[in-house]
Every structure is written in C-alpha cells, then in structure tokens.
Amino acid sequence: MKQHEMHAPKGARRPIRRLGRGIGAGQGKTAGRGTKGQKARSGPGIPGWFEGGQTPIHMRIPKMRGFKNRLRKPFVAVNVDRLAAASVDGKVTPESLAAKGLVRPDARIKILSNGQVKDRYEVHAHAVSAPAREKIEAAGGSVVLIG
C-alpha cells in the first residue's frame with residue numbers, strides 16, 4: 001500500500017453540516033443558532049473567558065503578592081528545651097531527633113533558643129541561632145554545624 005492509496009475507514013469522516021440552506025436541509029432559517037441575541041449574530045461573538053456578567057475569575061481570586069525565593073532551604077525549628085528528649089549519650093543529631101519522632105528523617109534542623117539547657121550536649125544541626133549557641137555553650141556543650 002502506498003501513501004496516496006491510504007484513506008480513512010468508512011464512517012471516520014462525516015460530511016459537513018451545510019447551514020442556512022433552506023428548511024429542507026434541516027438546518028435552515030436560524031442555522032442552529034437559536035433566535036436572536038449576541039450568539040445568533042454574525043461576527044466574533046463573545047470571548048471564551050466571559051462569564052455572563054458575573055465577576056470574572058481573574059478578579060475573584062487574590063493575587064500573588066510579594067517575592068518567593070526559589071533557592072530557599074526550609075528548616076525545621078527545634079528549641080533547646082527539646083534537646084534533652086532527643087539526646088543519646090549527650091549527643092543530639094538529626095538522626096536522634098528523627099528517631100524520637102520530633103522531626104522527619106530528611107529535615108534540615110535549626111536550633112532555636114526557647115527554653116533552658118540543663119545538661120551538656122554535643123549538638124549536630126544544619127543551623128543554630130546565636131542565643132541558642134550561647135545557651136548550649138554556657139551549659140558546657142558544643143555545637144557542630146552540618147554542611
């Protein structure tokens with residue numbers, strides 16, 4: 001079979017509707033457009049986004065405002081008063097926090113300063129606030145930043 005011998009199967013192509021060719025054709029007079037109105041007239045009609053006079057969707061929804069940094073790396077905040085619950089032999093790591101159910105295993109940890117530090121801990125975290133570092137070191141502990 002050659003390309004010029006190919007054709008669509010029977011029933012795949014229907015004949016076009018010839019509109020406005022008299023009442024005998026079945027689509028005469030108003031040609032399937034109904035009676036009067038904007039959509040019955042010739043010309044471009046109404047735009048696809050028109051909603052019949054109701055407030056359009058682009059005016060109903062709140063607009064995106066401000067700036068969203070695509071390079072932002074989100075942290076999970078852990079306060080220093082939670083360190084006691086997650087310490088294993090005086091060491092607090094993201095793995096020990098995840099094992100206790102305080103954070104998800106893939107979370108990036110930032111230690112914040114809310115609460116008191118009772119014991120000395122070796123804290124491994126991705127970020128630490130300055131007051132939290134002071135509290136941990138004042139209690140005799142140390143902070144190790146993870147890259």
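This passage describes the fold, the strand pairing, the salt bridges and two selected residues of a predicted model.

The chain has 4 helices and 6 strands. Along the sequence, these elements follow the pattern α-β-α-β-α-β-β-β-α-β. The radius of gyration of the chain is 35 Å, whereas a compact globule of 147 residues would have one near 15 Å. Taken along the principal axes, the C-alpha atoms fill a box of roughly 100 × 55 × 25 Å. Of the 147 residues in the chain, 20% are buried. The accessible surface comes to about 12,100 Å². Carbon and sulfur atoms account for 52% of that surface. Among contacts between residues at least 6 apart in sequence, 39% join residues at least 24 apart.

One open sheet contains 3 strands in the order E1-E3-E5, with parallel pairing. Strand E1 (76–79) and strand E5 (127–128) stand at its edges. Each has a single partner strand, so one side of each is left without a neighbour in the sheet. Strand E3 covers residues 109–112 and pairs with E1 in the parallel sense. The E1 and E3 pairing runs over 4 bridges. Within it, Asn79 has Leu112 in E3 as its bridge partner.

A further open sheet also has 3 strands, here in the order E2-E4-E6. Its pairing is parallel. Strand E2 (91–92) and E6 form the edges of this sheet. Both have a single partner strand, so each keeps one side without a neighbour in the sheet. E2 pairs with strand E4 (residues 122–125) over 2 bridges, in the parallel sense. Lys91 has Glu122 in E4 as its bridge partner. Val92 stands opposite Val123 in E4. On the E6 side, 4 bridges join E4 to E6, and the two run parallel. There, Glu122 stands opposite Ser142 in E6. Glu122 thus appears in the pairing with Lys91 and in the pairing with Ser142.

His124 gives a closer view of this sheet. The residue lies in strand E4. With a relative accessible area of 15%, His124 is buried, because buried means under 20%. The side chain of His124 makes a polar contact with the side chain of Glu122, at 2.8 Å. Beyond residues up to four places away in sequence, His124 touches Lys91, Val92, Thr93, Pro94, Val144 and Ile146. Lys91 and Val92 belong to this list, and strand E2 spans 91–92.

Ile146 follows on from the same region. Its place is in the segment after strand E6 (142–145). Ile146 is partly exposed, with a relative accessible area of 31%. Leaving aside neighbours within four places in sequence, Ile146 is in contact with Pro94, His124, Ala125 and His126. Pro94 is thus touched by Ile146 and by His124. By contrast, Ile146 and Gly43 are 67 Å apart in space, C-alpha to C-alpha. In sequence, Ile146 and Gly43 are 103 residues apart.

Charged pairs were examined next. Side chains of opposite charge can pair when their charged atoms come close. The count in this chain comes to 3 salt bridges. In one of them, the side chains of Glu51 and Arg60 meet at 3.0 Å, N to O. Glu51 is partly exposed, at 25% relative accessibility. Arg60 is also partly exposed, at 42%.

Another salt bridge joins the side chains of Arg104 and Asp106, at 3.8 Å, N to O. Arg104 counts as exposed at 61% relative accessibility. Asp106 counts as exposed at 58%. Both residues are exposed because their values are over 50%.

Arg133 and Glu137 also meet in a salt bridge through their side chains, at 3.8 Å, N to O. Both residues lie in helix H4 (residues 130–138). They are 4 residues apart, about one turn of the helix. Arg133 is partly exposed, with a relative accessible area of 29%. Glu137 is partly exposed too, with a relative accessible area of 43%.

Notes. Residues numbered from 1 in each chain as written. Predicted model: local features only at pLDDT ≥ 70, side-chain atom pairs only at ≥ 80, totals over all residues. Heavy atoms only, no water. Buried < 20%, exposed > 50% of the residue type's maximum accessible area, 1.4 Å probe, protein only. Contact = heavy atoms within 4.5 Å. Pairing = 2+ DSSP bridges. Salt bridge = Lys/Arg side-chain N within 4 Å of Asp/Glu carboxyl O. Polar contact = N/O pair within 3.5 Å; in protein donor to acceptor, adjacent residues only side chain to side chain. Rg over C-alpha atoms; globule rule 2.2 N^0.38 Å. Areas by Shrake-Rupley, 256 points an atom, 1.4 Å probe, with all protein chains shown as cover.
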